[in-house]
Structures are given as C-alpha cells and as structure tokens.
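Trainee: Could you take me through one part of this model slowly? I'd like a close look at a single stretch and what surrounds it.

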Amino acid sequence: MKKILATLITLLPFQAYANDCVIIGFRGLREQFDQEAFEGYAKLKDLFPIVFNHQEVEDAIEVIKDNDCYHLYGFSKGAESVVKVLRQVYKYNYPSPRHILTIGAYYSVNVDFRPYNLLFTNYFDSSGVGQRSPGTHVAGVPHNKMQQYVLKKESEKK
C-alpha cells in the first residue's frame, strides 16, 4: 500500500506534464541502474520517468491501468520485468506500450516483442552474447555503462 501511495504522489506532478506520457523503467539486480541516463532518455523522448526495481511488476501494472500512453524500459534484470509486464498487459487487455527499450538483457531472456506487434529496441552487451532476439549487439562497453551508451546513440538519432 505504501508503494502505491508513493507512486500516486509521484504521479501528481505528472498531471501537469506536457506530453501526458510516462516511461516506466525497471532496475537490474541489486538496484543496478543509471538514473541519470534513464532521466536523460525520458527527457529526450519527452516522457515522464517512473522507476521500479525489477520485482515491482504489480506496481508498474497499477500505473499502466491509469495511463493509456506509456513506454517500457528495462535494464539488465529489468528487461525480464518488461516481459512480465507485457504478459499481464495482454492477459488483462490493458493498454499496450507505445515503445519498449531493453538494455543489457541476459542472453536467455526472450525480448523479441514482434509477436505482440509492438515497436521495440534492444541493446545487448557481453551478457547478451548468444541472444536470439533482434537488437544491437555492442562490444567493448561494460554492463554498467550501457545505459549511457544507449542514451548517446538514441540522442544521435534525433
């Protein structure tokens, strides 16, 4: 209950946000996450950032129920959380995300969202060697620097 209240308090400023679209980010194991890179990406895409740890899928679903416009962002173990969220979104017929971004997903995590007919971008580092899902494989960038790398690459696209 405390987490839901905290989420609602977090969303109060969202009501005045220009785009009215959120990006839900999931941290990796042991709270690994580059908050600054995530917020930079949210700003780049004009989205309101909300972050959960990789275990807080149900809390993210509560946000999704109240937002027709949202994006999903998963770093490392958080990419698995994105998959779990999508399963619930489709099971309960909640609104679909506008875009999904995963960064540093482990090689065995299926982050191929084509069956859902969704827009998505995957970036893999050395932990994703052998990954069968479509995406960009990045060599030479440490796992903990991947979010910064992706922000830079996505900024160059604009």
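Mentor: Sure, and one term before we start: a residue counts as exposed when its relative accessible area is over 50%, and as buried when that area is under 20%. Keep in mind that this is a predicted model. Let's zoom in on the stretch that runs from β1 through α2 to β2, which together make a right-handed β-α-β unit.

Start with the loop between β1 (22-26) and α2 (35-44), where you'll find Arg30. Arg30 has a relative accessibility of 72%, so it counts as exposed. Its backbone is worth a look too: Arg30 isn't a glycine, yet its phi is positive, at about 50°. That catches the eye because most residues other than glycine have a negative phi.

Now follow the chain past α2 to β2, the other strand of this right-handed β-α-β unit. Strand β2 covers residues 48-52, and four of its five residues are buried, so the rest of the structure largely encloses it. How do β1 and β2 sit together? They run parallel, with five bridges joining them. To see one partnership, pick out Ile24, whose bridge partner in β2 is Ile50.

For a comparison with Arg30, hop over to Asn93, in the loop between α4 (77-91) and β4 (100-103). Asn93 isn't a glycine either, and it has a positive phi of about 60°. With 71% relative accessibility, Asn93 counts as exposed.

How values were computed: Residues are numbered from 1 along each chain as its sequence is written. This is a predicted model: local features need pLDDT of at least 70, side-chain atom pairs count only at pLDDT 80 or more; totals for chains, interfaces and linings use all residues. Side-chain values use heavy atoms; hydrogens and water are left out. Helices (H or I, at least four residues) and strands (E, at least two) are DSSP runs, numbered from the N terminus. Buried means under 20% relative accessible area, exposed over 50%, partly exposed in between (1.4 Å probe, protein chains only). Two strands pair if DSSP finds at least two bridges between them. A crossover is right-handed if, with the strands pointing away from the viewer, the path from the first strand over the helix to the second runs clockwise.
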